[in-house]
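Please open the structure in your viewer and keep the sequence panel visible beside it. The tour below proceeds by selections, each followed by an account of what is found there.

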Amino acid sequence: MDLDTVVFGGSIVSGEAGTNPERADIGIAAGVIVGVGDLAHMPATERIDASGLVVTPGFIDAHIHSEYALLHGDPADRFGALLQGVTSHATAADGFGWAPLPQHLDGGPLWRSPTFAYGCADLVPNWSSPNEYLARFEN
């Protein structure tokens with residue numbers, strides 16, 4: 001199998017409980033990790049030397065309010081998790097998120113703390129559907 005990318009020489013931290021960092025290579029094909037181990041002899045279009053670096057493929061942050069950071073526009077907020085190895089977010093961790101609450105519920109108090117924490121206290125969650133939220137990114 002030919003790989004698109006091999007990240008080699010790094011110290012892999014998997015996030016699995018009870019495991020220690022290990023020196024291994026990571027093979028990627030079509031954007032998917034397809035191999036971990038000694039891939040020194042695997043053909044690859046690109047080879048990335050991660051010697052002396054920590055490689056953290058696939059961390060999941062299960063309590064995040066990235067729906068605010070994405071709207072805020074500050075690159076430090078928008079990409080901070082990615083720079084720390086987080087590749088997936090489980091949004092709406094407190095029971096609310098980018099999908100709107102029903103009209104008869106006042107979501108303002110729920111949004112106040114996270115929007116302030118992300119430095120976008122002026123953000124008003126005035127979208128009425130997930131599609132309206134996503135449309136904010138089309139500009």
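Begin by selecting Phe-8 together with Asp-49: Phe-8 stands opposite Asp-49 in strand E6. Please bear in mind throughout that this is a predicted model.

**First stop: Phe-8 and its strand**

Keep Phe-8 selected and extend the selection to residues 3–8, which form strand E1, the strand in which Phe-8 lies. Strands E1 and E6 run parallel and are joined by five bridges. Is Phe-8 buried, partly exposed or exposed? Its relative accessibility is 26%, so Phe-8 counts as partly exposed.

Now display the surroundings of Phe-8. Setting aside residues up to four places away in sequence, Phe-8 touches Asp-25, Arg-47, Ile-48, Asp-49, Ala-50 and Ser-51. For a distance across the fold, select the C-alpha atoms of Phe-8 and Val-36: these residues are 28 apart in sequence, and the two atoms lie 9.8 Å apart in space.

**Second stop: the sheet**

Select strands E5, E4, E1 and E6, which form an open sheet of four strands in that order, with mixed pairing. At the edges are E5 (32–37) and E6 (44–49), each of which pairs on one side only. From one strand to the next, the twist averages 20 degrees.

Continue from E1 to E4. These two strands pair in the antiparallel sense over three bridges, and Val-7 has Ile-26 as its bridge partner in E4. Next, move from E4 to E5, where the strands are also antiparallel and five bridges join them. To see one position in this pairing, select Gly-27, which stands opposite Gly-35 in E5.

**Third stop: Asp-25**

Select residues 25–29, the extent of strand E4, and then Asp-25 within that strand. Is Asp-25 buried or exposed? The relative accessible area of Asp-25 is 2%, so this residue is buried.

Show the side chain of Asp-25 and look for the atoms it approaches. One is the backbone nitrogen of Gly-9, which the side chain reaches at 3.2 Å. Which side chain meets that of Asp-25 in a salt bridge? The partner is Arg-23, at 2.7 Å from N to O. Side chains of opposite charge can pair when their charged atoms come close. By the rule applied here, the count comes to one salt bridge.

Compare the two partners by colouring them according to accessibility. Arg-23 has a relative accessible area of 51% and is therefore exposed, whereas Asp-25, at 2%, counts as buried.

Then widen the view around Asp-25. Leaving aside neighbours within four places in sequence, its contacts include Val-6, Val-7, Phe-8, Gly-9 and Ile-12, and also Gly-35, Val-36, Gly-37, Asp-38, Leu-39 and Ala-40.

**Last stop: the nonpolar core**

Which residues make up the largest nonpolar core? Select Val-7, Ile-12, Ala-24, Ile-26, Ala-50 and Val-55, six residues in all. Two of these residues, Val-7 and Ile-26, were met earlier as bridge partners.

Finally, centre the view on Val-55. Not counting residues up to four places away in sequence, Val-55 touches Val-7, Gly-10, Ser-11, Ile-12, Val-13, Ile-26 and Ala-50. With Val-55 still selected, the tour may be retraced through Val-7 to Ile-26 in strand E4, and from there to Asp-25 in that strand.

Methods
Residues are numbered from 1 along each chain as its sequence is written. This is a predicted model: local features need pLDDT of at least 70, side-chain atom pairs count only at pLDDT 80 or more; totals for chains, interfaces and linings use all residues. Side-chain values use heavy atoms; hydrogens and water are left out. A nonpolar core is a set of buried Ala, Val, Leu, Ile, Met, Phe, Trp, Tyr and Cys residues joined through side-chain atoms within 4.5 Å. Buried means under 20% relative accessible area, exposed over 50%, partly exposed in between (1.4 Å probe, protein chains only). Contact means heavy atoms within 4.5 Å. A polar contact is a pair of N or O atoms within 3.5 Å; within protein, one must be able to donate a hydrogen and the other to accept it, and residues adjacent in sequence count only if both atoms are side-chain atoms. Two strands pair if DSSP finds at least two bridges between them. Axes are lines fitted to C-alpha atoms, for helices over the stretch in contact, and angles run from 0 to 180 degrees between N-to-C directions. A salt bridge is a side-chain nitrogen of Lys or Arg within 4 Å of a carboxyl oxygen of Asp or Glu.
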